[in-house]
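Please read the following walk through this model with the coordinates open beside the text, moving from one region to the next as the paragraphs do.

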Amino acid sequence: MEQKAYLVLQDGTVMEGISFGASGDVCGEIVFTTGMTGYLETLTDPSYHGQIVVQTFPLIGNYGVIPADFESTRPQVRAYVVRQWCQEPSNFRSEGDLDAYLKEQGIVGLWGIDTRQLTKRIRQNGVMNGKIVREIRDLPALLDEIRSYRIQGAVEAVTRQSPRTDTPEEPRRRVVLWDFGAKENIRRELLKRGCEVLTMPASSTAEQIASLKPDGIMLSNGPGDPADNQGIIEQLALLCQKRIPTFGICLGHQLLALSQGGRTHKLKYGHRGANQPVRDLGTGRVYITSQNHGYAVDGSQLPPNAKVSMVNANDLTCEGIEYTDMPVFSVQFHPEACGGPLDTAFLFDQFMERMEVDRSCRGTLG
């Protein structure tokens with residue numbers, strides 16, 4: 001039997017839909033993603049922690065639930081909103097349907113609302129909070145609750161609590177993956193290039209990471225406001241002084257800029273999807289990228305040792321930074337991009353090359 005539920009936005013908008021997945025009331029930041037595929041990667045991406053995710057593509061769940069495609073061990077979204085969910089998925093890899101999976105994982109879902117209208121409202125008015133409820137009794141009190149919601153302790157909620165080591169058959173390099181909410185495919189991309197991957201919790205110190213004697217450091221993606229992570233920023237500044245080849249992705253890109261004296265700001269509605277165009281300022285080439293972020297580095301207020309290397313072709317926001325005094329670079333988008341285009345996977349190869357050059361230089365100096 002279908003059960004009505006409502007999405008209430010902080011501006012007072014009320015949208016009626018139908019409950020699926022787990023039943024309950026849940027508050028979060030409302031964001032939309034334009035990906036036509038990759039809903040499993042979206043559901044399990046730690047960068048969505050604290051957010052109610054709206055899929056703009058109208059039919060979601062058509063290839064079922066495939067655990068091998070997950071980006072983490074469980075769903076990370078606060079709740080999930082779709083136009084329609086597929087009740088009879090068809091894929092040889094499928095191990096179940098979306099409704100049953102959300103129920104099992106305790107994730108509240110809502111379908112049957114006009115996701116096009118909702119997306120247009122977010123684009124016009126900016127990202128806002130909302131709450132999925134089964135009934136509305138006191139709308140003014142509900143709106144006060146919704147408006148007071150804030151994502152807190154995001155990185156701490158999604159990072160590993162203890163170190164992890166993954167070793168390929170023929171290790172070539174040792175890389176520390178500093179986990180702020182790392183997507184699984186970052187680890188996969190490093191492993192297939194012959195890297196022993198030492199995943200370290202977000203609470204790790206610069207000395208702990210340096211003591212592992214890595215050839216390189218990967219700064220992962222993650223959720224929340226980058227400026228909330230002052231302890232990580234301070235440790236990252238210390239780590240940068242050691243001049244270890246470093247590659248930052250998404251939140252890692254933002255934290256790196258903050259550690260060097262840069263600034264970040266919140267975007268009106270963020271970039272979330274698999275079709276964001278990014279222009280390389282050095283070559284003029286445009287890449288189509290997968291993105292998931294609500295904050296950006298202010299490219300006009302970078303420190304002297306940093307320069308913008310890539311920009312978003314739509315709004316000209318900073319998408320990449322090169323650091324001139326150390327073997328460090330970062331990008332705002334997702335080059336590992338499972339569920340999205342693989343145009344920029346070559347950046348992992350560039351990271352490997354930088355580790356090789358650094359190792360050769362140290363060998364020469366030694």
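In this predicted model, Leu219 finds its bridge partner in strand 14 at Gly248, one of the pairings within the three bridges that join strand 13 to strand 14 in the parallel sense. Between these two strands the chain passes through helix 8, and the resulting β-α-β crossover is right-handed. Gly248 also has a bridge partner in strand 19, namely Ser330, and strand 14 and strand 19 (residues 328-331) run parallel as well, paired over four bridges. Within strand 14 (residues 246-249), Thr246 and Gly248 point one way while Phe247 and Ile249 point the other way, and all of them are buried.

The helix of that crossover leads on to the nonpolar interior. Helix 8 (230-240) is among the elements that each supply at least two residues to the largest nonpolar core, as are strand 13 (216-219), strand 11 (173-178) and strand 18 (318-323). This core has 31 residues, of which Trp178, Phe180, Leu239, Ile321 and Tyr323 touch the most other members. For Leu239, once neighbours within four places in sequence are set aside, the contacts are Trp178, Ala206, Ile209, Ala210, Ile217 and Ile244. A second, separate core of 22 residues includes Tyr39, Tyr63, Phe70 and Val77. In soluble globular proteins, nonpolar side chains tend to be buried together.

Val77 also appears around a polar residue, Thr42, whose contacts beyond four places in sequence are Thr33, Tyr48, Val53, Gln55 and Val77. Thr42 lies in helix 1 (residues 39-43), and Thr42 counts as buried because its relative accessible area is 11%, which falls under the 20% cut-off.

Helix 3 (residues 115-125) shows how burial can be divided around an axis. Its buried residues are Thr115, Leu118, Thr119 and Ile122, and they lie on the same side of the helix because they cover an arc of only 100° around the axis. An α-helix has 3.6 residues a turn, so residues three or four places apart point the same way. On the other side of helix 3, Arg116 and Gln124 are exposed. The cover over the buried residues includes strand 1 (4-9), strand 2 (14-21), strand 3 (26-33), strand 4 (51-55), strand 6 (79-82) and strand 15 (264-280). At the N-terminal end, Asp114 caps helix 3, with a side-chain oxygen 3.1 Å from the backbone nitrogen of Arg116, and just after the helix Gly126 adopts a positive phi of about 95°.

Definitions and conventions. Residues are numbered from 1 along each chain as its sequence is written. This is a predicted model: local features need pLDDT of at least 70, side-chain atom pairs count only at pLDDT 80 or more; totals for chains, interfaces and linings use all residues. Side-chain values use heavy atoms; hydrogens and water are left out. Buried means under 20% relative accessible area, exposed over 50%, partly exposed in between (1.4 Å probe, protein chains only). The arc is that of the directions from the helix axis to the C-beta atoms. Contact means heavy atoms within 4.5 Å. A polar contact is a pair of N or O atoms within 3.5 Å; within protein, one must be able to donate a hydrogen and the other to accept it, and residues adjacent in sequence count only if both atoms are side-chain atoms. A nonpolar core is a set of buried Ala, Val, Leu, Ile, Met, Phe, Trp, Tyr and Cys residues joined through side-chain atoms within 4.5 Å. Two strands pair if DSSP finds at least two bridges between them. A crossover is right-handed if, with the strands pointing away from the viewer, the path from the first strand over the helix to the second runs clockwise.
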